[in-house]
Amino acid sequence: MKLLIICLLLLFRLGTHASPFSDSLINELNSLIKNSPDYDKQKLAEITQLKALLYASQKEPDSIYAIHLKLYEAYKYFNYDSAFEYAKKLKNFSQYNKDGSLLVDAQVKFVFVMLSGGLFKEAIDSLSVISIKGIAANIAADYYSLKSRCYYDLADFDNDQFYSPTYNRLALAAIDSALVLYPKQSFDFSYLSGLKEFKQNKLEAALGRLRSLISSQKLSYHQTALATSMIGSIYNLQGNKDQARDYYIMASIADIKSSTKETLALLNLASARFKGGDIKIAALYVEKANSDATFYNARLRKVQIGAILPIIEGEMISTIQAQKRKLVIYLILLLVLVLVLAGLGFIIRNQVVKLKAIKQSLLEANQKQQQINAELLVANELKEQYNRQLKETNDQLVESNQVKERYNNQLQEINTRLSEANKIKEEYIGYYFNVDTSFIGRIGKLVKSVEKRLVERKWDEIRLILKSVDLKREKEELLKDFDKVFVRLFPNFVEQFNSLFNDEDKIILKEDQLLNTDLRIFALIRLGITESEKIAEILDYSINTIYAKKTKIRGKANIGKEELERKIMQITTLDLK
């Protein structure tokens, strides 16, 4: 309700370039980002209740289908894998019951999940085989709406002069077909009409329609996010950065409150804040967007985030270096100020001595000897005071130099760690992209083979295909690939690791080994993975086994148990240039 009121108030201030609600919106968004796990807990609680109902309805097919449908709706913007699973269940149910309308509806939902996950080819292939002949108007409308989104996403992804125009024409035709079928008073009709005008560069018409949509209907959080995000994009194209920022913020707020993880609003907001020079806030927003995309497993969003994240990180490093230069300047100015103060103190002291000497010379003659003695006493005291001040000043200068030296050492260590972390990140990102690509390819072939035999009802062949999947071998290959990447990053790791042990306790690798299990445990620790539970999960061992191996190896170290992991973290032979 609060978000709707802000939206309506913003509509009455369209003639200005800045909004009085910016600060309150930004504060609300920053607070929501911190508390977003609370909204996710509410979403998970809702899902848990649905699963409990599902368990209680195991013997009622219609109830099972209805609950599966609700679970799909709960997961569709929250988690790709779960949404994909329940979309398959809906599809299987409709095929089993031979219900044509339900089958098309389930296929459309199935394609929606694939598209949200970034599987463009699979989504296009699946859409091409769906027949909507004789299907209810609302299902057909959803089909055309999804088709338009698919082609628009492809056009935006390619972003060229050869393929994109074709995809845009196909998307426009699909929108026209959907608009014929949707009721004119519905959200989908207004939203798609605004999207069509936006894509045709009719920006003012699109703005008017979307603002009317926000003010005339009671929208859900997700619907609010869709409408305000598009308004933000329109204002961004028009160069109205303040209005664009406010609407991106409103869209991001609505996404967090609805636990929507497959979203673009927060990334657009991060890009806008970055271009506006607010690097710290941009980093916060892009990290949240990256976390959501990873949680949902939205491939396209992760690619889009990957394009801006290194730029923001680079700017943050530049900012740190600029702050370092400023600190050096401040230290120099402080030193100059100390010297100036010391000089002023010396001048003032001399003036005081002169004044006292003049005053003493005016006294009576019989007091002259006492005056001379008093002046000598004062002079000696001032000398001692000056010597103490000089000593204190020297001590302060020494301490300042020590602080400066420690700061420079810390900065050098931070820069070295950042360079090393970037190198490790680049190597492992490349490695995991290759692994994901290979794995997805094999899984795709397996799925197609199984689907083909499912259609042909060749159950025995399906069993043979599934038995051919050797998970143990796949795990071993993944570990070997990990060894290759790690040894490429740390070519002297084994030698330096063995230097921490006596000759009889050093690890001797087999001819075909780069690392063994003991070395992998400490290789993961060197990469920053220190939790035994995580190491056990990666290496496919029990936590007790990992604890036992770590304890055994620590006991053999010739430098003491406590020093071993610190020495491991100091191993580095990376070429960081």
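These are my notebook entries on a predicted model of one protein chain.

**Overview**

I began with the whole chain. I counted 23 helices and zero strands in the chain. The chain has 577 residues, and buried ones make up 37% of them. I then looked at contacts between residues at least 6 apart in sequence, and found that 62% of these join residues at least 24 apart.

**Aromatic pairs**

Next I searched the whole structure for paired rings and got 19 aromatic pairs. A pair of aromatic rings is described by the distance of the centres and the angle of the planes. I wrote both values down for two of the pairs.

One of them joins Tyr143 and Tyr144, with centres 5.2 Å apart and planes at 70°. I noted this pair as edge-to-face because its angle is over 60 degrees. I also looked up the accessibility of Tyr143, which is 6% in relative terms. Tyr143 therefore counts as buried, the limit being under 20%.

Another pair joins Phe162 and Tyr163, again edge-to-face, at 4.7 Å centre to centre and 85° between the planes. Is Phe162 buried or exposed? Its relative accessibility is 61%, so I entered Phe162 as exposed. Its partner Tyr163 has a relative accessible area of 45%, so I entered Tyr163 as partly exposed.

I then asked which residues form one aromatic cluster. The members are Phe482, Phe486, Phe490, Phe493, Phe497, Phe501 and Phe522.

**Lysines over rings**

I turned to charged side chains placed over ring faces. Lys76 lies over the face of Phe112, and I noted 4.7 Å from the ring centre. Lys89 lies over the face of Tyr86, where the distance from the ring centre is 6.0 Å.

**Helices α5 and α6**

I took up α5, which covers residues 100–116, together with α6, which covers residues 120–128. Their axes come within 8 Å of each other and cross at roughly 160°. An angle over 145 degrees counts as roughly antiparallel, so α5 is roughly antiparallel to α6. I recorded the crossing of the two helices as left-handed.

Which residues of α5 meet α6? On the α5 side I listed Val111, Met114 and Leu115. On the α6 side they meet Phe120, Glu122, Ala123, Ser126 and Leu127.

**Helix α13**

For α13, residues 265–275, I listed the buried residues. They are Ala265, Leu266, Leu267, Leu269, Ala270, Arg273 and Phe274. After α13 comes Gly277, and its phi is positive, near 95°.

**Positive phi outside glycine**

Gly277 led me to look for positive phi values in residues other than glycine. Asn201 has one, at about 65°. I placed Asn201 in the loop between α9 (187–199) and α10 (203–216). What is the relative accessibility of Asn201? I found 57%, and since the limit for exposed is over 50%, Asn201 counts as exposed.

Asp540 is another non-glycine residue with a positive phi, here near 65°. Where does Asp540 lie? I found Asp540 in the loop between α21 (532–539) and α22 (543–556). The relative accessible area of Asp540 is 60%, so I marked this residue as exposed too.

Definitions and conventions: Residues numbered from 1 in each chain as written. Predicted model: local features only at pLDDT ≥ 70, side-chain atom pairs only at ≥ 80, totals over all residues. Heavy atoms only, no water. Phe/Tyr/Trp six-rings, centres within 6.5 Å; stacked < 30°, edge-to-face > 60°. Buried < 20%, exposed > 50% of the residue type's maximum accessible area, 1.4 Å probe, protein only. Lys NZ or Arg CZ within 6 Å of the ring centre and 35° of its normal. Axes fitted to C-alpha atoms, helices over the stretch in contact; angles between N-to-C directions. Helix = DSSP H or I, 4+ residues; strand = E, 2+ residues; numbered from the N terminus. Parallel < 35°, antiparallel > 145°, perpendicular 65-115°, else oblique. Left-handed = near helix turned anticlockwise from the far one by under 90°. Contact = heavy atoms within 4.5 Å.
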